[in-house]
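The exercises below go from the whole chain to single residues. Try each task with the structure in view before reading its solution.

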Amino acid sequence: MTSMKDRMLAGEQYIADDPAIIADLARAARLSERFNRSSADDPAGRLAALRELLGSLGEDAWVRPPLHCDYGHQTHIGPRTFVNFNAVLLDVARITIGADVQIGPNVQLLTATHPVEPEARRAKWESAQPITIGDNVWLGGGVIVLAGVTIGDNTVVGAGAVVTRDLPANVVAVGNPARPIRSLTQPS
C-alpha cells in the first residue's frame, strides 16, 4: 500500500495525515524558526540553519528572513540567487530556483493545490505540482507563482503579478494573470 507521503511526493492526491508528513512539517517549522530568529550578528549560524532546512542552497545565495515554507527539503535555490524578506515557499512539490535569480519581498511560490469539487476538498484531499524558476529571473515584490508553473531564463515578472501559466524565456510579464508585454534581447 502506498503511503500518503509517497502519494504526495509522486504528485498524486493525498491527505496530509501521514505521520511522516507531520514529522517533515514539524522539522521544517523548527528549522524555519531557527533561521527566522537567527541573529544578524551570526551569519554562519543563519546560513547553517538555512542549509539544513533547504534541499540545496547554491554558493553565494542569500535569503533574508523571515522565510516561510512547508517542508524546506523540497526547495532548491541556485548560486548567487537573492530572496528578499517574507518569502512564502509552499514546497509540497519541488521548487527549483535557478542561478542569479532576484526574488522581491513578499513573493509566494505555491505548489499546493486543492480539489475544486467541494466533497473532495471537505475530505481534505490535496495535491501539488512543481514550480521551476529559470536562471537570471527577476520576480518583483508581491509576485505570486501558482502550482505547475515554469518561468523561463531572463524573464522579469512585474510587482504584484499572479503567474498562473508558464512564461517563456526573455520576456517582461505583468498583471493578473501575468502576460508577457514585451520581449527582451538576449545578452550577447
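## Exercise 1: The chain as a whole

A compact globule of 188 residues would have a radius of gyration near 16 Å, and the protein chain agrees with this at 17 Å. The model is a predicted one.

Task: describe the extent, the surface and the secondary structure of the protein chain.

Solution.

Step 1. Take the extent along the principal axes: the C-alpha trace spans about 55 × 45 × 25 Å.

Step 2. Turn to the surface. The protein chain has an accessible surface of about 9600 Å², and carbon and sulfur atoms hold 53% of that area. Among its 188 residues, 42% count as buried.

Step 3. Count the elements: the chain has 4 helices and 20 strands.

Step 4. Consider the contacts with a separation of 6 or more. Of these, 25% are between residues 24 or more positions apart.

## Exercise 2: Salt bridges

Task: how many salt bridges does a search of the whole structure find, and which parts of the chain does the pair Asp24 and Lys5 tie together?

Solution.

Step 1. The search finds 5 salt bridges in the whole structure.

Step 2. One of them joins Asp24 to Lys5, with 2.7 Å between the closest N and O atoms. Asp24 belongs to helix 2 (residues 19–36) and Lys5 to helix 1 (residues 4–9), so this pair links parts that are 19 residues apart in sequence. Asp24 has a relative accessibility of 13%, so Asp24 counts as buried.

Step 3. Another salt bridge is formed by the side chains of Arg34 and Glu52, at 3.2 Å from N to O. Here Arg34 is in helix 2 and Glu52 in helix 3 (residues 43–53), so the parts tied together are 18 residues apart in sequence. Arg34 is partly exposed at 41% relative accessibility, and Glu52 is partly exposed with a relative accessible area of 43%.

Step 4. Glu119 and Arg122 also form a salt bridge, their closest N and O atoms being 2.6 Å apart. Both residues lie in helix 4 (residues 118–122), 3 residues apart, which is about one turn of the helix. Glu119 and Arg122 are both exposed.

## Exercise 3: Two open sheets

Task: in what order do the 7 strands of the mixed sheet lie, and which strands stand at the edges?

Solution.

Step 1. Strands of a sheet pair through backbone hydrogen bonds, in a parallel or an antiparallel sense.

Step 2. The open sheet of 7 strands has the order 3-6-9-14-17-19-20, and its pairing is mixed. Strand 3 (62–63) and strand 20 (179–183) are at the edges; each has a single partner strand, so one side of each has no neighbour in the sheet.

Step 3. Look inside this sheet at strand 14 (residues 138–139) and strand 17 (residues 156–157), which pair in the parallel sense over 2 bridges. Trp138 has Val156 in strand 17 as its bridge partner.

Step 4. Now take the open sheet of 3 strands, whose order is 1-12-11 and whose pairing is antiparallel. Its edges are strand 1 (14–15) and strand 11 (112–113), each with a single partner strand, so one side of each is left without a neighbour in the sheet.

Step 5. Strand 11 runs antiparallel to strand 12 (residues 125–128), and 2 bridges join them. Ala112 has Ala128 in strand 12 as its bridge partner.

## Exercise 4: Two loop residues

Task: is Asn84 buried or exposed, and is Ala159 buried or exposed?

Solution.

Step 1. Locate Asn84, which sits in the loop between strand 6 (82–83) and strand 7 (87–90). Its relative accessible area is 14%, so Asn84 is buried.

Step 2. List what surrounds Asn84. Apart from neighbours within four places in sequence, Asn84 is in contact with Arg64, Ile103, Gly104 and Pro105. With Arg64 there is a polar contact between the two side chains, at 3.5 Å.

Step 3. Locate Ala159, in the loop between strand 17 and strand 18 (162–163). Ala159 has a relative accessible area of 64%, so Ala159 is exposed.

Step 4. List the contacts of Ala159, again leaving aside neighbours within four places in sequence: Gly140, Gly141 and Val143.

Step 5. Finally, compare sequence and space for Ala159 and Ala87. The two are 72 residues apart in sequence, and their C-alpha atoms are 14 Å apart.

Terms used
Residues are numbered from 1 along each chain as its sequence is written. This is a predicted model: local features need pLDDT of at least 70, side-chain atom pairs count only at pLDDT 80 or more; totals for chains, interfaces and linings use all residues. Side-chain values use heavy atoms; hydrogens and water are left out. A salt bridge is a side-chain nitrogen of Lys or Arg within 4 Å of a carboxyl oxygen of Asp or Glu. Buried means under 20% relative accessible area, exposed over 50%, partly exposed in between (1.4 Å probe, protein chains only). Two strands pair if DSSP finds at least two bridges between them. A polar contact is a pair of N or O atoms within 3.5 Å; within protein, one must be able to donate a hydrogen and the other to accept it, and residues adjacent in sequence count only if both atoms are side-chain atoms. Contact means heavy atoms within 4.5 Å. The radius of gyration is taken over C-alpha atoms; the globule rule is 2.2 Å times the number of residues to the power 0.38. Accessible areas come from the Shrake-Rupley method with a 1.4 Å probe; for residues, only the protein chains shown count as cover.
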